[in-house]
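Let's take a friendly walk through a protein, moving from its charged partners to its core and then to its empty spaces. Keep the structure open beside you as you read.

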Amino acid sequence: MTERYWSGERARTLVVVLATAACMRPAIVALGPLVPSIVAETGMSSGELGTLAAVPVLAFGLVSAFVAAPARRIGFVRLAVLALAMLALGTAARLLPGTAPLWLGTALVGVAIAVLNVLMPAIVKREFPGRTGVVTGIYTTVLSGVAALAVAIAMPVTLLTGGQWRIALAASLPVVLVALVVALARARRERALPGRDARTPPVAEPAGAPLWTSPLAWAVTLFMGLQSGIYYTFAAWFPAMQRDLAGVDETASGLLISVSMVLGLPFGMLAGALMNRSPDQRRLVAAVLPLGVVPLIGALVQPAWLPLWTVLVGVF
């Protein structure tokens, strides 16, 4: 039964999902360890770099709400193909000299990943009934694991290429191209399957009042938005803070961020298991949330211990 479940089209779709997951974080998180190199070459100010780092997060908030309609019109996998093509274009644009391609490429990367952030969970839910939790766990592990690898190798790649930070920032481009090829093949095959409507939404439209009128929906949105903001602020600025306040060099700083992300994997799985067993998930969130503030406050009051706070961010 298990072999039949994972054979054929589901196996091909799983390859698409995991290949896509592997390229959804590196282009964003690799920026943090490269900040000193970017400043040295471009002369960008801290404010400009802060805005650059915020561009993808802003794109997530602005674009995500508008993904469902085109996904239903052209199909989830086909829209994923277009998003991956945009991600490849944005990643490649940052290889070009000057700051304009850096800004443009980062904007394209942010929009593309915002679309994929919406599509991938929907595809998982549609294509893997009865195994959604398992596939989501694998997907999340690949997402976080490759992000950790991208942070760890950003400075070593820069050093190995003679200070070419643009190459390090675009190091995920081959992975994006592979994901684009396998997604394109899957989209073509999906169109050829008899009786298959690629435009079918994964779930029915919810009945009742629209989500934007729901206080719970706004609370969840605010919570997830703040969580994303903390994560990307951590990835973008903790490497520079470690260098300036704790004397940690860029390579070691990238490794610490990577360790933090890797440590987050088992704790994230544990949290998921506890939430599945808990009758009221609000209690679990209320218990854990204050612990997540500890390393952030620690970074402010005891910056010399930043390596420790960096690791604890991943745990909490």
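A salt bridge is a side-chain nitrogen of Lys or Arg within 4 Å of a carboxyl oxygen of Asp or Glu. Keep in mind as you look that this is a predicted model. With that in hand, how many salt bridges does the structure hold? There are two. One of them joins the side chains of Arg166 and Glu41, with 3.5 Å from N to O. Arg166 belongs to helix 10 and Glu41 to helix 4, so this pair ties together parts that are 125 residues apart in sequence. Are the two partners buried or exposed? Arg166 counts as buried, because its relative accessibility is 8%, while Glu41, at 49%, counts as partly exposed. The other salt bridge is formed by the side chains of Arg126 and Glu127, at 2.8 Å from N to O. Here both residues, Arg126 and Glu127, are buried.

Stay with helix 4 for a moment. This helix covers residues 31-42, and Ser37 has its place there. Ser37 has a relative accessibility of 19%. Since buried means under 20%, that value puts Ser37 among the buried residues. Which residues does Ser37 touch, once its neighbours within four places in sequence are left aside? They are Met155, Thr158 and Trp165.

Now turn to the nonpolar core. In soluble globular proteins, nonpolar side chains tend to be buried together. The largest nonpolar core in this model has 44 residues, and those with the most contacts inside it are Leu84, Leu87, Val115, Leu116, Leu119, Met120 and Tyr139. Several elements give two or more residues to this core, namely helix 2 (9-21), helix 3 (26-29), helix 5 (46-63), helix 7 (76-93), helix 8 (100-127), helix 9 (132-160) and helix 11 (173-192). Which of these supplies the largest share? That is helix 8, with eleven residues. To see the core from the inside, pick out Met120: leaving aside its neighbours within four places in sequence, Met120 is in contact with Val17, Thr20, Met24, Ala80 and Tyr139. There is also a second, separate core of 16 residues, which includes Val35, Leu49, Leu52 and Ala154.

Another buried residue to find is Met261, which sits in helix 13 (residues 250-277). Met261 is buried because its relative accessible area is 8%. With its neighbours within four places in sequence set aside, Met261 is in contact with Val29, Ala147, Ala148, Val151, Tyr231 and Ala235. Try locating Val315 as well: 54 residues separate Met261 and Val315 in sequence, yet their C-alpha atoms are 8.3 Å apart in space.

So much for the atoms; next comes the space between them. Rolling a probe the size of a water molecule over the atoms shows where empty space is left. How many cavities of 30 Å³ or more does a search of the whole structure find? The search finds two. The largest cavity has a volume of about 70 Å³, and its lining is made of Ile28, Val29, Leu31, Ala53, Pro56, Val57, Tyr232, Ala235 and Ala236. Helix 3, helix 5 and helix 12 (215-246) each give two or more residues to this lining. By class, the lining of the largest cavity has nine nonpolar residues, with no polar and no charged ones.

The second largest cavity holds about 50 Å³ of space. Its lining consists of Ala27, Ile28, Leu31, Leu52, Ala53, Pro56, Arg94, Thr106 and Val109. Two or more of these residues come from each of helix 3, helix 5 and helix 8, and helix 5 gives the largest share, three residues. The classes here are seven nonpolar, one polar and one charged.

Finally, look at a pocket. The second largest pocket has a volume of about 170 Å³. It is lined by 14 residues, of which the closest to its centre are Pro26, Ala150, Ile153, Ala171 and Ser172. At least two lining residues come from each of helix 3, helix 9 and helix 10 (165-169). The largest share, five residues, belongs to helix 9. This pocket's lining divides into 13 nonpolar residues, one polar and no charged.

Methods
Residues numbered from 1 in each chain as written. Predicted model: local features only at pLDDT ≥ 70, side-chain atom pairs only at ≥ 80, totals over all residues. Heavy atoms only, no water. Core = buried A, V, L, I, M, F, W, Y, C linked by side-chain atoms within 4.5 Å. Buried < 20%, exposed > 50% of the residue type's maximum accessible area, 1.4 Å probe, protein only. Helix = DSSP H or I, 4+ residues; strand = E, 2+ residues; numbered from the N terminus. Contact = heavy atoms within 4.5 Å. 1 Å grid on protein atoms, 1.4 Å probe; cavity = no way out; pocket = protein on both sides within 12 Å on 5 of 7 lines; lining within 4 Å. Points joined across faces, edges and corners; volume = space filled by probe spheres on them. Nonpolar A, V, L, I, M, F, W, Y, C, P; charged D, E, K, R; others polar.
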